[in-house]
Amino acid sequence: MSLDKEDLLRAYRMMKTIREFEERAHTEIMNGQIAGFTHLYTGQEANAVGICEHLSDEDAIISTHRGHGHCIAKGADVPGMMKELWGSSEGLCKGKGGSMHVADVDKGILGANGIVAGGPPISVGAALAAKIRKNGKVAISFSGDGSVNQGTCFEAMNLAVVLEVPAVFVIENNYYSEHTNISYAVGCDDLKARTEAFGFPVFEADGADFFSVYEAAGKAIEHARSGKGPAGVFAETGRFHGHFVGDPQYYRAEGELEDLRENSDCLKNFRARMAETGEISAEELDAVDAEVMAVIEQSVVDAKAAARPTPEQVTADVYINYGAAS
Amino acid sequence: MAEKTMRDAINEALHQAMAADDSVFVIGEDVAGCNGAPGETGTVGGVFGVTSGLYQAFGPDRCIDTPISESAIVGAASGAALMGMRPVAEIMFADFIGVCMDQIVNQMGKFRYMFGGKSRCPAVIRFAAGGGFSAAGQHSQSMYQVMTSFPGLKVVIPSNAYDAKGLMLQAIQDDDPVLFFEPKVLYQEACEVPDEMYTIPFGEASFLREGDDCTVVAFGQMVPKAAQAIDALEAEGISCDLIDPRTSSPLDTNAILESVEATGRLVVVDEAPPRCGLTADIAALAADKAFSSLKGPIKQVCAPHSPTPFSPELEASYIPDSSKIIAAIKGTMA
Ligand SMILES: Cc1ncc(C[n+]2csc(CCOP(=O)(O)OP(=O)(O)O)c2C)c(N)n1
Ligand SMILES: [Mg+2]
């Protein structure tokens, strides 16, 4: 699982792309350009990238309401996502889904999800398909520290063990579910142990550190791929924005956000590591930054100019075939 | 009389009901907010602010935050209600009924009947319902039309702040389980609302316009749109009854039928998709019970048979507007 320079540059580019996508989305939402409810992934980028760097298009992921990062890391078309946020008919989901429903099944992205813990049961099914076909593929579901309290999440974890399917349950603990802290919402004081009690190994990671997540994910995914049944990744992380754009964040401690941005920034951590090892120079990373900024800028320009959907598209794509009747 | 928003009117009803009766409590996700967090507990009051201030006024035992666990929230409410409490549970978005349907439909809604009439379950479950926020397929559904089909549940859909307060107070004192659907686009709409407590009985429609040519029945956020349509038609010499049933279960069938018998025409308006919905239900009622009075076709105005789209312009064409209601009213006269 050693990462060569190309891998490292790709991982950094992914994290930076997610960061800039989210920060730009934030700006455009504040400008009134993007409608609906949007939950930003800023601060958690290393989790998505550390996991998805192990995956190919044939592996499946299913994401959450905070889905942009997972989708980008799994290879979703960034301009297409931006157009989707704008509600354009050229968007990745033709403007039907928006932020909470970004999806691209061809890339193994079974969708962001507006229902908390809607995803884990579906990931068991995707993993079951891989098991039946014996193709060595895995299915990943992302959950938050809040999502894990939903019955569907418990059911999915247990069923995955019962069926011995290659499902990987990734739990990103950013300490809050909306406005409630994990110390209140998770009744026991060790969520990792609670998850392991279902009967699969859970590998711990520092969600602000790409290398830490990459390593833990490698173990979990290898476990699942090799036919030993499900596994988990438990990462401590932090989101740099509110739950949704516009959240007043009364739940935060004073200085908490500043501290997160200062000390738990995966991009800074990555750069520090590269400075230490000398694998990639700061100039090379700066060049990646500039390229990413240009891509995001262009995707916003394109999203603003993209075609708008027309009323007859409302009833398109409800079914594949509904017969002559309508 | 003071003007209050629908959000504030419901909030006031909750404050008053909790002050008046110790057995009333609220439970749900972030109904207080910030529990376990560094910030001050109770500063959220529900994501739409409807339970604002209840934590400060009544404390953690009566304004109870939960994990994200809709089935357990509904069960906790109905179980406490079976034991004599009067819980008001919040399920943030009506769409999340998908998660807790069993607890509502198979459990809470059937206790009394299956127990041979020997139980009461005075629980209220509140939901923010309906479209209008570009919130897409999983945060925009009305759901009340679906829940109306289940015997044992009462279903309330207020269309203005005044009704919302009176209906909420009725819901809390009602001995049956009540599902209370708050059209979320109306939270900020204000009208005159008395400060004192009052109740509005279930199954009693309100007449918001009176006219001779057509009966218009509308629910929730469609009520103000129907009023707009009717007012616009006045200039063309067309006058209509506008009926807001306020509760779909029980339904004030007498008010609807009497009006249809007088006007001879019927338009039914709802924002949900058409199949097995309230517009079809009420159209069938009139066709069955008032056929001989009808002078023209019954018209249904509703969303198409599709999920709610995200894109703002798609959603605008998805949710019925006053021009579609005007066309339907004229359609009954064609
Ligand atoms: C079934 C359901 N219940 C509630 C919500 C509202 N909601 C959306 S996100 C969220 C919090 C999720 O917390 P967590 O799982 O920790 O994910 P995070 O937001 O921290 O990424 C809640 C309560 C929902 N979308 N679906
Ligand atoms: Mg969280």
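**Exercise 1. Identify the partner of B:Asp163 in a salt bridge and describe the count across the domain boundary.**

*Solution.* B:Asp163 pairs with B:Arg246, with 3.1 Å between the closest N and O atoms. The criterion for a salt bridge is a side-chain nitrogen of Lys or Arg within 4 Å of a carboxyl oxygen of Asp or Glu. Between domain 1 and domain 2 of chain B, the count is 1 salt bridge. The bounds, 3–192 for domain 1 and 206–333 for domain 2 of chain B, come from an automatic or database domain assignment.

The model is predicted: local features need pLDDT of at least 70, side-chain atom pairs count only at pLDDT 80 or more, and totals for chains, interfaces and linings use all residues. Residues are numbered from 1 along each chain as its sequence is written, chains are lettered from A and ligands numbered from 1 in the order in which they are written, and side-chain values use heavy atoms, without hydrogens and water.

**Exercise 2. State the area buried between domain 1 and domain 2 of chain B, and its share from carbon and sulfur atoms.**

*Solution.* Buried area is the accessible area (1.4 Å probe) that two parts lose on being put together, summed over both. For domain 1 and domain 2 of chain B the value is about 1,900 Å², with 53% given by carbon and sulfur atoms. On the side of domain 1 of chain B, the residues that lose the most area to domain 2 are B:Ser134, B:Gln145 and B:Ile157, together 27% of what that side buries.

**Exercise 3. Determine which elements hold B:Arg126 and B:Glu182, and whether the two residues are buried or exposed.**

*Solution.* The side chains of B:Arg126 and B:Glu182 form a salt bridge at 2.6 Å, N to O. B:Arg126 belongs to strand β5 (residues 124–129) and B:Glu182 to strand β7 (residues 178–183) of chain B, 56 residues apart. Strands (E, at least two residues) and helices (H or I, at least four) are DSSP runs, numbered from the N terminus. Both B:Arg126 and B:Glu182 are buried; buried denotes under 20% relative accessible area, exposed over 50%, and partly exposed in between (1.4 Å probe, protein chains only).

**Exercise 4. Classify A:Arg271 and A:Asp289 by accessibility and locate their salt bridge.**

*Solution.* The closest N and O atoms of A:Arg271 and A:Asp289 are 2.9 Å apart in a salt bridge. The pair links helix α11 (residues 266–277), which holds A:Arg271, with helix α12 (residues 282–305), which holds A:Asp289, both of chain A. A:Arg271 is partly exposed at 25% relative accessible area, whereas A:Asp289 is buried at 15%.
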